[in-house]
Each structure stands twice: as C-alpha cells, then as structure tokens.
Amino acid sequence: MISVQDVTKAFGPKKLFDDVNVAFSPGARYGLTGPNGAGKTTFMKILAGDEEPDAGQVQRPRRLGILRQDHFRYEDHRVIDVVLMGNGPLWSAMAEKEQLLARPEMTDADGMRLAELEGVIGEEDGYSAEATAGELLSGLGVDAEFHDQPMRALAGGYKLRVLLAQALFGKPQALLLDEPTNHLDLESIRWLERFLLAYEGVLVTISHDRHFLNAICTHIADIDYEAIILYPGGYDDMVRHKGQVRSRVESENSEKKKKIAQLQDFVARFHAGTRASQVQSRIRAMQKLKLDEMKRSNIAAPFIKFEQKAPSGKQTLTLESIEKRYGDERVVRPFSALVTRGEKICVIGKNGVGKTTLAKMIAGELKPDHGHVRWGHQAQVGYLPQDQAGVVRPGTTAFGWLRELEDKLTNEEISGLLGRMLFSGEERMKPTATLSGGETVRLLLAKLMLFKDNVLVLDEPTNHLDLQSIAALSEGLQRYEGTVILVTHDQELIREVGSRVWSLHPGEQVLDFPGTFDEFLEKHPDLAEAHR
C-alpha cells in the first residue's frame, strides 16, 4: 500500500493540493488525472520520494518501480543492463560479483562474500533475469538486436521504452508510471495493457490516453478543487460521476437559495409586526440552510472550432503511386488513393513504419521519390507536424506570432482566439521560447483555426495535450466539414473521428480501408490484436 497523510504542496501562491489523505491499495490500478499544471507529475514525484511535500508524509513499499523521463542517463550502458537495474538488490549483487571474479586472486573472505552474493542473485531470480528483461523489451517493441547495444544506439522514443521496461522489471510492489504510453505504438500499448491487468501490486499512472485509462484503471485519482478525489472505474466513469455530483450540488444549492429568499422575504415583511415568533422560526430555518461549498475547479478545456473559408472540390486529393526510400530501406511502397471532400482518414501503424513520412509527403514538406501528390480544386492545406521544434518563431509572444501570421484581424479578435485556446490575460504575451509542449500545440491549433483551411493534415496532434484538450480536439474534428488526414495512436480519437483507415505495416503496401476503426478491426481480425 501507498499511504498519503496530510500532504500539502504549493509553488509560491499557487496551491496544488491541501491536506491530502489518500491510500492506494494493492491489486488496484489508479489513473492520476487533472489538467496541465494541476500537479500530477509533482504528486507522482512525492509518491516516489523524489520531492518532499510542504507538509505531511508518505508511506511506501520498499520496492518501487518508477518510470522516470531521464532518457540520457544511461547512454553508455547496455540496453539489457538498464532493465536489470530496475531490481536494485539484484543489480548490486551482480555488479559486485563481477568485481570479485575479476580479481587475480580471491581470499577466503572473498569466497564467502561471493557465496552470499550468489544467494542474493538466486533469491532475486537472477539466473533468469536476462531472459525476463528480454521478454519485457520485446513486448515493448525493442528488437532483440538492440538488447546488447548501448542505450545511445536507440532513438529517444525507444530509450523511453527501455526505461519503462526497467520500471516493470524485478517484481516491484508498486509501480509509478508517468505517461507510460508516450512514444508507444498501438501494438506496444496493447501489450502494456495486458501486463498491467495481470499486475498484482499497486499501480499509479499518469496518462493522457483515455482508452488506456478506461482499459486498465479500477480507480481514478483526480486532482481538482485543491484535493485528490478517488472515483471508482475508468476515466469515462470519473467524468460522468464528477459531473453528476457537481450537478446535484448545484441543484441542491439552487433550491436552498430559493427557500432562503422566501424566508428572507417573510422576515422582511413581518419583522416589526405581531408575528415575532414566526419570524424567529424563519430566521432559525435560514441558519440551517447552509449552501454546500464548491471550490472553483481548475479544469479548463479549450474551445476548438475548425472552419473553412471555402470548401474544396469534391475530389480533394489524388495520390499517384507515391513512394519513399531512406537509403536501401523502402519506407512507403507505391501508394495510390483518391480522397474526397469531407473524408476523415486515420493513419495507423507501429512506430517507424512511415506514417510521418506519408504525412509529410501529403503536406508538401517532403517530396516523394516517385509518383505525384495532386490537390484538387481550391484545396487549402493546414499542417500540424509531429516535431514542432522551430515551427513557432522564438523571440516573440503567442499574441505577436499570430499577429505576424494574420494582420487583418483586430487585437480583440486575436485575443479572443487565444482565450478560447486557454491563453488568458498575461499568458497571451508569454514569450514563445518559454511555451510548454501543450501550449505550443494549442498555439498551432489556434493558427489552424485562424487560417480556416479546408484540409487538415495532423501528425500526432495529441502529444503534450491533456485529456480535456484532446476531448475538445476530437469534438472540433468531428464537427469540421473539411477533409482530415490524422496520424495518431489515440484509439478513442480514431474511433470518434475516423471514417477511413490507412494502416501501415513494415515491408507492405499501405492498407486502405473504407470504414471506421471498429469495422477495420472486424474485417481484419489478424490485425485486431495489434490495434485493440
């Protein structure tokens, strides 16, 4: 069990949570939710012991598995060794054993110590440890050819997978996972879901993936109202229950206000008359009718509405045998397709199979080696890249950047647009160089709303967005009357938005399926396990 007792944390005048008492029990799986800036990562660090609370204490089990986002800490270590480090006692015993065996001569004391170490290694299942670590890595999509290579040989997204395997290794009594599905493809997310559903310890995870939270969580620990409130079930259950509770309290308060107003009217009319006893009775009744206090929620969702200046022609996009190679590797095999106005196409597949390459060719950011990308009559394309580095010019502000892009709007119109994307007050003048990942994505979405293109090509737009923003994006795309080509691993977003699927697989041509994601899974049961 992880027990949190009277914990308070604030940064300057901003209080994240106050006098929190909550217990996380073995066998239960908790999703830690709340908007960006609510304190999720701070609370996770407090649970892990990496950060101290202002007040209160945390009791935790001896063996924790913690996913930390330090991608470059182990650059010179073998990938398999980084996973083994997840079991501290085992790794220490193995390292000391190697040092003893490397000595030219061993004393009797060395021999006795070696026997002790062998006992520790045996107790920690050390003789099957490398095989177990290899299974974890393979399940998370790190191929066996990389297991004996140093961490620096891996791309950043795969480094995170190794760190996730490290957290899962060694039979931890509790798992603390901050954004474990980041950089995972659908197949790896599905494997992780199965692993966590079978896990018997305490799990606390932060995730912006609604499907993942609904699939694995028995409870949601929601940071709001300067507190952490436990709700049974998954994320959708929490949202529904939270809304019902708030609606009930608001309704009860409304009825109380009406009753108080009636009593006040009676007291005002008869306080100087002969009905003194009835007046006193009404005063006592008013004193009993206390309104339930409702702290201001810190949850805020942007308002995302994509419009078109003018619709495109019916035949919006034609792809004629486009293909792309990187060296000897053919990333996108010859692919032809006709996209008509209003279609919403979801591009899915494992990491590294060419989804971003395909999106770049469609958006005109990358030229195909062969074939042609032909846009139809009046097609206007808005593009949101996966890698946003340098897209927003540094040296200006959020307001100033939008002003540079469109000088025909008034200051009030730009301020209104930024306000709808949660840049309120002084945040509109925030330097672009200091924007967080979520703020950068929201600013880029504001640009798309500003330009009113009739085609949107979005490559992993949910990266860095919180759950409220992802839900707002989904609603905006569903209502949008233009054409959408969307690269994403977010299964809920795929289900809610997509009317057509382009599925990419290594060494194969793009599979073009004219239907929803669920229809795709039903039609291709051989691919269902990889994408469910």
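Asp6 counts as partly exposed, because its relative accessibility of 40% falls between the 20% and 50% cut-offs. This residue sits in strand β1, which covers residues 2–11. What makes Asp6 worth a look in this predicted model is its backbone: phi is near 55 degrees, a positive value in a residue other than glycine. Most residues other than glycine have a negative phi.

His464 is another case to look at. Here phi is near 80 degrees, again a positive value in a residue other than glycine. His464 belongs to the loop between β15 (455–459) and α15, and with 47% relative accessibility it counts as partly exposed.

Now for the chain as a whole. There are 532 residues, and 49% of them count as buried. The secondary structure comes to 18 helices and 18 strands. Laid along its principal axes, the C-alpha trace spans about 105 × 75 × 50 Å. If you take the contacts with a separation of 6 or more, 68% of them are between residues 24 or more positions apart.

**Around α1**

Helix α1 runs over residues 40–48 and is mostly covered, with 7 of its 9 residues buried. The buried set is Lys40, Thr42, Phe43, Met44, Ile46, Leu47 and Ala48. Just after the helix comes Gly49, with a positive phi of about 85 degrees. Gly49 lies in the loop that links α1 to β4 (55–59). Is Gly49 buried or partly exposed? Its relative accessible area is 34%, so Gly49 is partly exposed. Along the chain, Gly49 and Arg60 are 11 residues apart, and their C-alpha atoms are separated by 8.9 Å.

**The cavity**

How many cavities of 30 Å³ or more does a search of the whole structure find? The search turns up 1. The largest cavity holds about 30 Å³ of space. Its lining is made up of Leu32, Thr33, Gly34, Lys40, Ser207, His208, Leu467 and Gln468. Two elements, β3 (29–33) and α15 (467–479), give two or more residues to that lining. By class, the lining residues divide into 2 nonpolar, 5 polar and 1 charged. Lys40, one of the lining residues, is also among the buried residues of α1.

**Where α5 meets α7**

Helix α5 (residues 129–139) packs against helix α7 (residues 186–198) at an angle of about 135 degrees, and their axes are 9 Å apart. Angles from 115 to 145 degrees are neither roughly perpendicular nor roughly antiparallel, so α5 and α7 are oblique to each other. On the α5 side, the residues that meet the partner helix are Glu135, Leu136 and Gly139; on the α7 side they are Ser188, Trp191 and Phe195. This contact has 3 nonpolar, 2 polar and 1 charged residues.

**Two spots with contacts from further along the chain**

Leu289 is in the loop between α10 (276–288) and β10 (315–326). At 24% relative accessibility, Leu289 counts as partly exposed. Leaving out residues up to four places away in sequence, Leu289 touches Lys256, Lys259, Ile260 and Leu263. Take Ile260: it is 29 residues from Leu289 in sequence, while the C-alpha to C-alpha distance between the two is 7.2 Å.

Asp512 lies in strand β18, which spans residues 511–513. Its relative accessibility is 28%, which means that Asp512 counts as partly exposed. Which residues is Asp512 in contact with, leaving aside its neighbours within four places in sequence? They are Phe335, Ala337, Arg500, Val501 and Trp502. The C-alpha atoms of Asp512 and Val347 are separated by 9.5 Å, with their positions 165 residues apart along the chain.

Here are the C-alpha pairs side by side:

| Pair | Separation along the chain | C-alpha distance |
|---|---|---|
| Gly49 and Arg60 | 11 residues | 8.9 Å |
| Leu289 and Ile260 | 29 residues | 7.2 Å |
| Asp512 and Val347 | 165 residues | 9.5 Å |

Key:
Residues numbered from 1 in each chain as written. Predicted model: local features only at pLDDT ≥ 70, side-chain atom pairs only at ≥ 80, totals over all residues. Heavy atoms only, no water. Axes fitted to C-alpha atoms, helices over the stretch in contact; angles between N-to-C directions. Helix = DSSP H or I, 4+ residues; strand = E, 2+ residues; numbered from the N terminus. Parallel < 35°, antiparallel > 145°, perpendicular 65-115°, else oblique. Contact = heavy atoms within 4.5 Å. Nonpolar A, V, L, I, M, F, W, Y, C, P; charged D, E, K, R; others polar. Buried < 20%, exposed > 50% of the residue type's maximum accessible area, 1.4 Å probe, protein only. 1 Å grid on protein atoms, 1.4 Å probe; cavity = no way out; pocket = protein on both sides within 12 Å on 5 of 7 lines; lining within 4 Å. Points joined across faces, edges and corners; volume = space filled by probe spheres on them.
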